[in-house]
Amino acid sequence: MLDLAHMRAELARHYDLAPSLKLAEQTSDIWQGMSRVVPFPDWAIHAPYVVAINRLKAERDAVILGHNYMSPQVFHGICDVVGDSLQLAVKAQEVKASVIVQCGVHFMAETSKVLNPQKTVLMPDMEAGCSLAESITAEGVAQMRARYPGAPVVTYVNTTAEVKAASDICCTSSNAAQIVAALDADTVIMLPDQYLAQNVAKQVPHKRIVWWEGSCIVHEQFTAKELREFRDWNPDTRIIAHPECPPDVVAEADYTGSTSGIIAYVGREQPQKALLVTECSMASNIADAHPKVDFVGPCMMCPYMKMITLEKVLWSLHTMTTPVDVAPELIKGAALAVERMIEMSRQVAV
Ligand code: 13P
Ligand code: SF4
């Protein structure tokens, strides 16, 4: 576990991290990307970290990949590439820099590592996990294979490299239905997200989908009742959900899609009011790009994603910690499952 007191003392010895209005003004172009959600005085607190990280990033030949759920100061301030899980995996394949800093959760860093075994992949906080990834091991995959002999295993990328290596192909929320539909099999095992599997089953009704009973601790908290009540009070709100939500929640939504699907939908539709039934930073990160859209209603924080902070990223680059390791015997199998997904995604053009 990170020793925060030691980290802060060491960082203070090497960098001037005091809030600075001067640096905030000098970097106001970056702040413009988050001005609706981050007040300028707060930006004066973040700016010294952002400047230090961006400088160090160049010195270390590092690229920062950031998930759409990062806090706005991370998302807009320091990330070279941002996106959903599929986009980050595709980009990880194309990285030229020798170091990747993963601003996201551990399984995303593992995915970058299996696609780039020769590169250093740094996690700013190794504790940033995921309830889905923690819900299953390779033993669970073997149990499912024994229960449904011959059925292919489609594994959500929100899993460990060990689970990916035991699977036939991966999927993300942006390509799950297309991948399941394209497989030459009547019965398909989807794991570990029971809700994603149930939502896909509705989109691909001609196949029998069986699932593992994992769930996302963030998306499982939304209820259909609260969305119905919200709509009753705010009938002109567009409800936009992530497919990790339970099916009755998804049934209340006007649109359901991956985090990049949600961004594209808001961009296309420009609803007057939008309720994003997902992690809170989703709305914050796109608020400035869509000034006419009023982002309303409840959202949920992912406690794992929120472990990635500017000071931990600075520490990570300063100390070159913590490198993500994947056991050599798992790399090939996990990479194969991810590469098959990327290839099939291209074929079905999602
Ligand atoms: P996306 O692939 O849609 O970005 O989802 C990743 C995730 O962890 C959502 O909870
Ligand atoms: Fe995992 Fe859910 Fe957090 Fe995504 S939002 S990283 S699925 S716990």
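In this predicted model, the shell around ligand 1 divides into one nonpolar, eight polar and two charged residues. Its members are H67, Y69, D84, S85, N158, S173, H219, H242, E244, S258 and T259. Tyr counts as nonpolar, and Asp and Glu as charged. Y69 is therefore the nonpolar residue of this shell, while D84 and E244 are the charged pair.

Three side chains make polar contacts with ligand 1. In each case the partner on the ligand is an oxygen atom. For H67, an N or O atom of the side chain is 2.6 Å from such an oxygen. For S173, the distance from a side-chain N or O atom is 2.7 Å. For H242, it is 2.8 Å. The protein also covers 96% of the 300 Å² of accessible area that ligand 1 has on its own.

Where does ligand 1 lie with respect to the domains? Domain 1 spans 4-128 + 304-319, and domain 3 spans 219-296. Both give residues to the shell, so ligand 1 lies between them. The space that ligand 1 takes is the largest cavity.

Now turn to ligand 2. The space taken by ligand 2 is likewise described as the largest cavity. Its surroundings are Y69, V105, C130, S131, L132, N158, C216, V218, E244, C302, Y304 and M305. By class, this shell has nine nonpolar, two polar and one charged residues. E244 is the charged one, because Glu falls in that class. S131 and N158 are the polar ones.

Some residues serve both ligands. Y69, N158 and E244 are listed around ligand 1, and Y69, N158 and E244 also appear around ligand 2.

One feature remains, the cysteine link. The structure holds one disulfide. It joins C280 to C299, with an S to S distance of 2.1 Å. The link of C280 and C299 is right-handed, with 100° about the S-S bond.

Key: Residues are numbered from 1 along each chain as its sequence is written. Chains are lettered from A and ligands numbered from 1 in the order in which they are written. This is a predicted model: local features need pLDDT of at least 70, side-chain atom pairs count only at pLDDT 80 or more; totals for chains, interfaces and linings use all residues. Side-chain values use heavy atoms; hydrogens and water are left out. A residue is near a molecule or strand if one of its heavy atoms lies within 4 Å of it. A polar contact is a pair of N or O atoms within 3.5 Å; within protein, one must be able to donate a hydrogen and the other to accept it, and residues adjacent in sequence count only if both atoms are side-chain atoms. Accessible areas come from the Shrake-Rupley method with a 1.4 Å probe; for residues, only the protein chains shown count as cover. On a 1 Å grid over the protein atoms alone, a cavity is a set of points where a 1.4 Å probe fits but cannot get out, and a pocket is an open set with protein on both sides within 12 Å along at least five of seven lines; lining residues have an atom within 4 Å of a point. A molecule sits in a cavity or pocket if more than half of its atoms lie within 2 Å of its grid points. Domain bounds come from an automatic or database domain assignment. A disulfide is a pair of cysteine sulfur atoms within 2.5 Å.
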